[in-house]
Amino acid sequence: MSNKESIKKEAEKWEKETLTPFLAKAPERENLKDSSGEDVNRLYTPLDYEENYNEKLNFPGQFPFTRGVYPTMYRGRFWTMRQYAGFGTAEESNERYKYLLKQGQTGLSVAFDLPTQIGYDSDDPVSEGEVGKVGVAIDTLDDMEILFKDIPLDKVSTSMTINATASVLLAMYIAVAEKQGVTADKIRGTIQNDILKEYIARGTYVFPPKPSMRLITNIFEFCSQNVPKWNTISISGYHIREAGSSAAQEVAFTLADGIEYCKAAVDTGLDIDVFAGRLSFFFNAHNDLLEEVAKFRAARRMWAKIMKEKFGAKKAKSMMLRFHTQTAGSTLTAQQPDNNIVRVAIQTLAAVLGGTQSLHTNSRDEALALPTEDSVRIALRTQQIVAYESGVTKTIDPLAGSYYIEALTDKIEKEAFEYIDKIEKMGGMVAAIEGGFVQKEIQDSAYKYQMEIEKGDRIIVGVNKFQMEEPPVEGLLKVDMSIQNKQVEKLKKIKESRDNVKVKSVLKKLEEEAKGNTNLMPTILEAVKVYASIGEITNTLRGVFGEYKEHIVL
Amino acid sequence: MKKISEISEKIIQGDIRAIARGISLVENGGEEGEELLKNLYVEGRSYILGITGPPGAGKSSLINLLIDKFKEHFNKVAVLAIDPSSPFTGGAILGDRIRMQTHTGDPNVYIRSMASRGHLGGIAGATKDAIKVVSAGGYDLVIVETVGVGQSEIDVVKLADTTVLVLVPGLGDEIQAMKSGIMEIGDLFVINKSDKPESEKLATTVRWIVDEHYKDSEYKPPIIPTSVYKNEGIGDAVRDIIKHKEYIYRTGIHTNKIKLRIKDDINSLLERKLNDFIQKHIKYPEKIEKWVEQVYRGESTPFEIIKSIHENLIIDVKEEI
Amino acid sequence: MKKKIRILIAKPGLDGHDRGAKFIARALRDAGMEVIYTGIRQTPESIADTAIQEDVDFVGLSLLSGAHNVLFPKVVEELREKGAEDIVVFGGGVIPEDDIPFLKKKGVQAVFTPGTSIKDVVDFINKKMNEKN
């Protein structure tokens, strides 16, 4: 009798003799489901997955990288602790960055306000009320110079959450570095630059897919030649999950986006091994600890296969899925906000046990407002406690071999590949988005999830169970209402003092180039250096490319 | 705006709020709606364009672009966009409007989303009444966008002067079209998404069917390729729509259509009045169960029951209808 | 026939987070209402115009970017200017408790913060509807 057969026999015996009589006395709880809405088994055993160590898991730093992308992982050094921050004016954000670096943060992560993200100047009528709200307001290079004042750009790595206007902000960053005497080949960092998930989930798109994809491949090409240490894209599942997807959908749609970018780059003649090593990913760490760990492992294994089998990548680095993680903002509750510290701690564990390369932990008060300095510090301390005290960092991929984790890793991989196949049949991710398929799938999951909470099938502590009367939270961070005026004043002065003839001619040149096929990055760089504003640059491109109109499916 | 007479007056002056409220009143039915229609009754004053076709054909986006061009031919444009109501809850999500939202601030364009409210046939039951409201409000072009569910699109033909069928490649329309005889409802055929390679094949198929169907007819429906994405072919569509308009006005087809609609109005009003009358005098709702029971037990037959109703009806009909 | 409740769910400003707005739209549809949804990035002016053209009873605004103190009152103002002050405006999103009295003073009749049950929203709508009639 083989090992499996004997386990099977024992399992049957256990069910009959031990489990059934017990269940008769003490029935189980209901609604024990994973994020795809499927039942979680009572128990996982070797019967629940196909073991094939060398092929499916292998060793860290080796294909298919299930156990991690590096051979030593956190035994060498911890993940980068990177808190996303930015609000108000460039001066205020600059202060916050310096504070965070002093607190032991190891990388910067810049949040921009919505007008900056969508390419409007602070004085544009549509910017009203939004200036400096969800991030820092950047109109011209002048703001960017203030933002990084006294921060040596050859020493820090900077991640910028910027998508539709990523080319402009990257150009500004390069220009600021140059002014500090740091050449482009020395700077390190990441731009999000992932437009597809903006159409799906986040909403800060500007142009239609085609010209957007062109801008992205322009950046790939430009950076491979001039900014070699820059991560040119952070392919993001984070927002897809925030929009309400399941864990498997998060992986599926993120990797499908990744495939689309690779195809676009290969189509323009780039060699996969030249740019693939600079691709990075960005995932969500949700509450279901074990499902999340399995998700990260499945994603790594899948991407390695996709790169090797689909794109014929040769270099190991091209096949490694390196990722940033942020704890799930949507799980934070406005009720009893201190409970969020605990949620974030669990999510931090998920990210670390899943092998993340960098991590942002949310602050307890983010369901109420932008986080205060105190809250941000606690969030950072949470990472430090997991790193230094929890012990989970001492060995690599410590949950591997758990029957549940391995079965779940396989399940997520299977579900996600099914989605990817379906999307391929539709003609790829752009077609699937334009047809509303991806949005509809996510919305259906989100609706189901929310209805479970409404019905009490899913318990959120403090929200639909264990509620209590509580006084309003005090001391929330308020963004100064006068910031728009300050920013508008500043912009006015810049526009008066710069060389407007030059600005006009560079913008004209940009317009002409946009109509053709050349790489737009050099001219955008030229434009920011003469202090053309983000609104002027983006509007020039809008004139040529047009604007995307969302496809609503409900 | 409480009084119906006041609303009627404002509608005639073109007041948007009153027009919007008026449509709600006729949608909700009942006495107020009827009162309003009594004040406003018009037929044939506006040119009515029906836009139909399967979901995903790009009807709303097409209308969005058509509106710009129609402004050269009409003073005021109203769009009634119909979406389906949920058969279970009666609720609806009305989302067509988003594709036309650029026209929202335009005082000469009025856009109204309507839920089908259980009415089959691709339009809402109150569509023809809503048309009267905007017509009275001075909109000389009324565009009706149907739900777009396959074969139940026939109703729009009755209330529109010109019906445009929008088709796109890839939705299985070719087969659909031939099977359902849907070709008979289009005065024009728009093949949208002409940027897609398969669209030419679809156009050829449609051409073939249309030529066959209209071989003895003076009017041959044009087939117009458009691309909403590239903003192409929109001018052609408008030109051919206007041509059809001129054709039906010239040949008297339009007059016949109007007379048919008036006949329809008389019929449905009469039907409703008779129905009200039955409800009131025969006390149908309270009695029907009793009658069923009697027939079931073999104590009576449907014929005997109708006979007894007849015998007991002694009223002055003139007073009632 | 009972009057159908018509409601506009709108997202003013530049914020693209539409999970909440779309959930509310669907949930209110399932509660039997007719819901007009116009997508993200709507100006207060177009929201008011839409509300009037669609003859809605309610406008529900959703915003997570923090611009609510500027944009919500603007919608109320626009409606008032266009003579449609009877349309009830309410809002939801990441809105600090501190801001709620200000918004109410400006004519936003209810503010729903994260964690609100859909039932509370439906109850609010029904209550207001009864007051209207």
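Which residue in β2(C) stands opposite Leu94(B)? Leu94(B) faces Ile36(C), as the first legend below sets out. The model is predicted: local features need pLDDT of at least 70, side-chain atom pairs count only at pLDDT 80 or more, and totals for chains, interfaces and linings use all residues. Residues are numbered from 1 along each chain as its sequence is written, chains are lettered from A and ligands numbered from 1 in the order in which they are written, and side-chain values use heavy atoms, with hydrogens and water left out.

**View 1. Strands of chain B and chain C pair across the interface.** Strand β3(B) and strand β2(C), residues 34-37, run parallel and are joined by three bridges. Within this pairing, Leu94(B) is opposite Ile36(C). Strands pair if DSSP finds at least two bridges between them; strands (E, at least two residues) and helices (H or I, at least four) are DSSP runs, numbered from the N terminus.

**View 2. Chain B meets chain C over about 2300 Å² of buried area.** This is the accessible area (1.4 Å probe) that the two parts lose on being put together, summed over both. Carbon and sulfur atoms account for 47% of it. On the side of chain B, Arg17(B), Asn28(B) and Ile93(B) lose the most area to chain C, together 27% of what that side buries. Contact, meaning heavy atoms within 4.5 Å, links 27 residues of chain B with 29 residues of chain C.

**View 3. Salt bridges connect chain B and chain C.** Their count is seven, each being a side-chain nitrogen of Lys or Arg within 4 Å of a carboxyl oxygen of Asp or Glu. One of them joins Arg21(B) to Asp55(C), at 2.9 Å from N to O. The elements giving two or more residues to the side of chain B that touches chain C are α2 (16-28), β3 (92-94) and β4 (109-115) of chain B. With seven residues, α2(B) gives the most to that side.

**View 4. Strand β7 of chain A is covered on both faces.** In a regular strand the side chains alternate between the two faces of the sheet. In β7(A), residues 233-236, Ile233(A) and Ile235(A) lie on one side and Ser234(A) and Ser236(A) on the other, and all are buried, that is, under 20% relative accessible area (1.4 Å probe, protein chains only). Strand β8(A), residues 279-285, runs parallel to β7(A) and is joined to it by four bridges. Within β8(A), Phe282(A) is the bridge partner of Ser236(A).

Notes
Buried means under 20% relative accessible area, exposed over 50%, partly exposed in between (1.4 Å probe, protein chains only).
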